[in-house]
Amino acid sequence: MGLLTQVWAKAAPAKETTPPPPEAVILADAKPVQDVNKTAANPDTTPPATTPDKEPKEWGYDLYPERRGEAYKPRLSHILFGSEGKESIDRYKCEQNVYWCVKNGPLVKLMMGALRSSGCPMDLRRHISCEVCDPSVTGGYDPVLNQIVVCQNMAKNKSMVHGVLTHEMIHMFDYCNNDLDFRNVDHLACTEIRAANLAHCSFLSAMMQGDASPFNVKEAHQNCVKSKALASVLAVRNISHQAAVDAVERVFPKCYADLEPIGRRIRRNSTDQQKAFMEAPMYGYDVY
């Protein structure tokens, strides 16, 4: 399991003003960090009981202040250095990037068409929200409100917003089409494997996070997917490292082979995105 020791961490949001129950687990798209070792009170897949004060942080909701109904308050020192205090401008730019991706992003258009064909059509004003987040995350999916969060302070260009939307729409697609239970660690591991497989991992990204080398090119993509999925499970659920590894390995063959609705693994600097979009009707999905 050595390939799973260096991973990317992710956190889980929810848009509620009170501490949410375990079924309100939120999936997030995160930036890499170094330490993802966690200690769980119970080694099984049942979330441990938490006090009201600890529960929001335990489930990662502290990373999304606006999901808790709190108004974001920039710090004076950051305002003076120009890193904060422009939230309204950042939100406007984020919404412009989201609109551009919806109109021009091949994978975003494909996912929106697939969601509509599956009976879960998207409304930009209802299902996508630009918010200020913790710097460790770039986006998230809130299954309670069926809403995607784009972190306006981190995803600042069209490419990053396109990646966030595609990743979170895969979670939304799984939630729409399957009896997905986020309390079940196997279900959680599976949707994270699919999102990493279809939206993120390539040989280049695997090299950057230390999962590939010229001597294991064949396994680079699988190692990248496992690493990212493992980090996501560890961040969202307070379980032991070994329990998360076991869950990823248990469902990996089936979930890695599931390419719906994109139909192919996307290579960087290729025409795969455009091909996937054009092939969508072959899988019975609308072209948005």
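**Working through the disulfides**

Cys190 and Cys255 form a disulfide, with their sulfur atoms 2.0 Å apart; a disulfide here is a pair of cysteine sulfur atoms within 2.5 Å. This is a predicted model, where local features need pLDDT of at least 70, side-chain atom pairs count only at pLDDT 80 or more, and totals for chains, interfaces and linings use all residues. Residues are numbered from 1 along each chain as its sequence is written, and side-chain values use heavy atoms, leaving out hydrogens and water.

**Exercise 1.** Work out the handedness of the Cys190 and Cys255 link, and place both cysteines in the fold.

*Solution.* Start with the torsion: it is -110° about the S-S bond, and the link of Cys190 and Cys255 is left-handed. Next, place the ends: Cys190 sits in helix α7 (residues 185–199) and Cys255 in helix α10 (residues 241–257), so to speak distant parts of the chain, 65 residues apart. Helices (H or I, at least four residues) and strands (E, at least two) are DSSP runs, numbered from the N terminus. Finally, check burial: Cys255 is buried, at 5% relative accessible area. Buried means under 20% relative accessible area, exposed over 50%, and partly exposed in between (1.4 Å probe, protein chains only).

**Exercise 2.** Do the same for the disulfide of Cys120 and Cys176.

*Solution.* The S to S distance is 1.9 Å. The torsion about the S-S bond of Cys120 and Cys176 is about 90°, so this disulfide is right-handed. Cys120 lies in the loop between α4 (106–117) and α5 (124–127), while Cys176 is in helix α6 (residues 158–177), so the pair ties together parts 56 residues apart in sequence. As for accessibility, Cys120 is partly exposed at 23%, and Cys176 also counts as partly exposed, at 23%.

**Exercise 3.** Find out whether Cys133 and Cys151 are buried or exposed, and describe their bond.

*Solution.* Cys133 is joined to Cys151 by a disulfide, S to S 2.2 Å. The torsion is about -90°, so the disulfide is left-handed. Cys133 is in the loop between β2 (128–131) and β3 (137–142), and Cys151 is in strand β4 (residues 147–151), 18 residues away. Both cysteines are buried.

**Exercise 4.** Count the disulfides, give the pairing pattern, and explain why Cys101 has no bond to Cys94.

*Solution.* Searching the whole structure turns up 5 disulfides. Number the bonded cysteines in sequence order and the pairing reads 1-3, 2-6, 4-5, 7-10, 8-9. Now look at Cys101: its closest cysteine sulfur, in Cys94, is 9.4 Å away, too far for a bond. Cys101 is buried, too, with a relative accessible area of 0%.
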